[in-house]
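Please look over the sequence and the structure below before reading on. The report that follows deals with salt bridges and then with a sheet.

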Amino acid sequence: MGTSDINLLSEYKSRNEEFRRLPAQFQVTLPTFTPQEINREQIYQQLGSLSKLVITREENGGPMKSEGVECSPPTRPLIDEPRILTEINTGYGEDNNLFSVSCLSDIELWTRGRDKILRLYNLQGKLLKSVQTKSDKKPFDIAVTQSRDLVYTDPKDRSINIIQKTQIQPLIRLRGWIPLGVCSTSSEDLLITMITDDRKQSKVMRYSGCIEKQSIQWDDQGNLLYSSDWYAKYLSENRNLDICVADLFAHAVVVVSAAGKLRFRYTGSPSTTKTPFKPIDITTDSQGRILTSDGNNHHIHIVDQDGHFLRYIDNCDLQYPWGMCVDSRDNLIVAECVTGKMKKIQYCK
């Protein structure tokens, strides 16, 4: 109140008390927050995953890659007749069966056989590098990480190891469990299939480095998801983050969501085959398709990400197909166990 009139100042009475009293008909209730339970499976299914955008251009006579935001891959439908692009003769054969193959690049392939040596070949069949396991025992499975390092499992000393250049570093050592298959995920986690010493239980474990993040063992009814016998249990992560396990003894491909919930079991196409379906190795492509080798029937099954049969690859003179991987163009590399050959097969556009 700006004034110099002393009479006005002496007559002024404050109305603060009057304004402090709200009318009786008003009632103020403060808002409250009620948290909702988070369903992790719905989050995984709704968010999904995207592959990296890779822009390639010619510069100074050579290709240059630039990685940026992530986006969906181009559509690559299946072709009518799969065909062999390259056939690679290796040093493997009947005396040292070829079991696993993993792409270091589109032209370099890590392999493992029945012995203790891990070998890197190019598409011409030239041996580029060989590394002996730390325990001097044969590995069970191999996988190449997003950082281009090689990981292998060693059942004898219960370890998961990483090879960086030529140095082998143990990442994980298990107690009471034996590691089998290994997969490197899009988030650079490791998925490991394993069984107990007494062969009565099996599970899939997720690791970030050496830290346990997830255990997948039971379905909603309390039953084991995977068979527990000593048989190959290779695995792969799909583009929708599903975890796909080729369970040979169960005659099924077992697929669970990223949260570990059973989605489906694929038990083979209802068609005429010489022997029962026995999936060995497994891989997935950029379209979310699941490919699994059926060594006894000498062909490859291709199913979609919901478990629906799409087709066989049975026209490429495959002989006991075992290990598999796909390159950046979704070409399939198949390792033939007995012949020691690797075949690069085009099955989609």
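A residue is called buried when its relative accessible area is under 20%, exposed when this value is over 50%, and partly exposed in between. The model shown here is predicted, and these terms describe the residues in it.

**Salt bridges**

In this model the count of salt bridges comes to 14. One of them joins Arg173 to Asp157, with the closest N and O atoms 3.5 Å apart. Arg173 lies in strand β11 (residues 167-173), while Asp157 sits in the loop between β9 (150-154) and β10 (159-164), so that the pair links distant parts of the chain, 16 residues apart. Because its relative accessibility is 52%, Arg173 counts as exposed, whereas Asp157, at 22%, counts as partly exposed.

The loop between β9 and β10 also holds Arg158, which is paired with Asp197 in the loop between β13 (190-196) and β14 (202-208), and these two residues are 39 residues apart. The closest N and O atoms of this salt bridge, between Arg158 and Asp197, are 2.5 Å apart. Arg158 counts as partly exposed because its relative accessibility is 26%, and Asp197 is likewise partly exposed, with a relative accessible area of 36%.

Another salt bridge brings together the side chains of Asp306 and Arg263. Asp306 belongs to the loop between β22 (299-303) and β23 (309-313), and Arg263 belongs to strand β19 (residues 262-266), 43 residues apart. Asp306, at 38% relative accessibility, counts as partly exposed, and so does Arg263, at 32%.

The table sets out these pairs.

| Salt bridge | N to O distance | Separation in the chain |
|---|---|---|
| Arg173 and Asp157 | 3.5 Å | 16 residues |
| Arg158 and Asp197 | 2.5 Å | 39 residues |
| Asp306 and Arg263 | 2.7 Å | 43 residues |

Salt bridges can also be joined to one another, and here Asp189, Arg206 and Lys213 are linked in a network of them.

**The sheet that contains β19**

Strand β19, which holds Arg263, is also part of an open sheet of four strands, arranged in the order β16-β17-β18-β19 with antiparallel pairing. Because β16 (233-237) and β19 stand at the edges and each has a single partner strand, one side of each is left without a neighbour in the sheet. From one strand to the next, the twist averages 20°.

Which strand pairs with β19 over four bridges? The partner is β18 (residues 252-256), and the two run in the antiparallel sense. Within this part of the model, Val256 stands opposite Leu262 in β19.

How values were computed. Residues numbered from 1 in each chain as written. Predicted model: local features only at pLDDT ≥ 70, side-chain atom pairs only at ≥ 80, totals over all residues. Heavy atoms only, no water. Salt bridge = Lys/Arg side-chain N within 4 Å of Asp/Glu carboxyl O. Buried < 20%, exposed > 50% of the residue type's maximum accessible area, 1.4 Å probe, protein only. Pairing = 2+ DSSP bridges. Axes fitted to C-alpha atoms, helices over the stretch in contact; angles between N-to-C directions.
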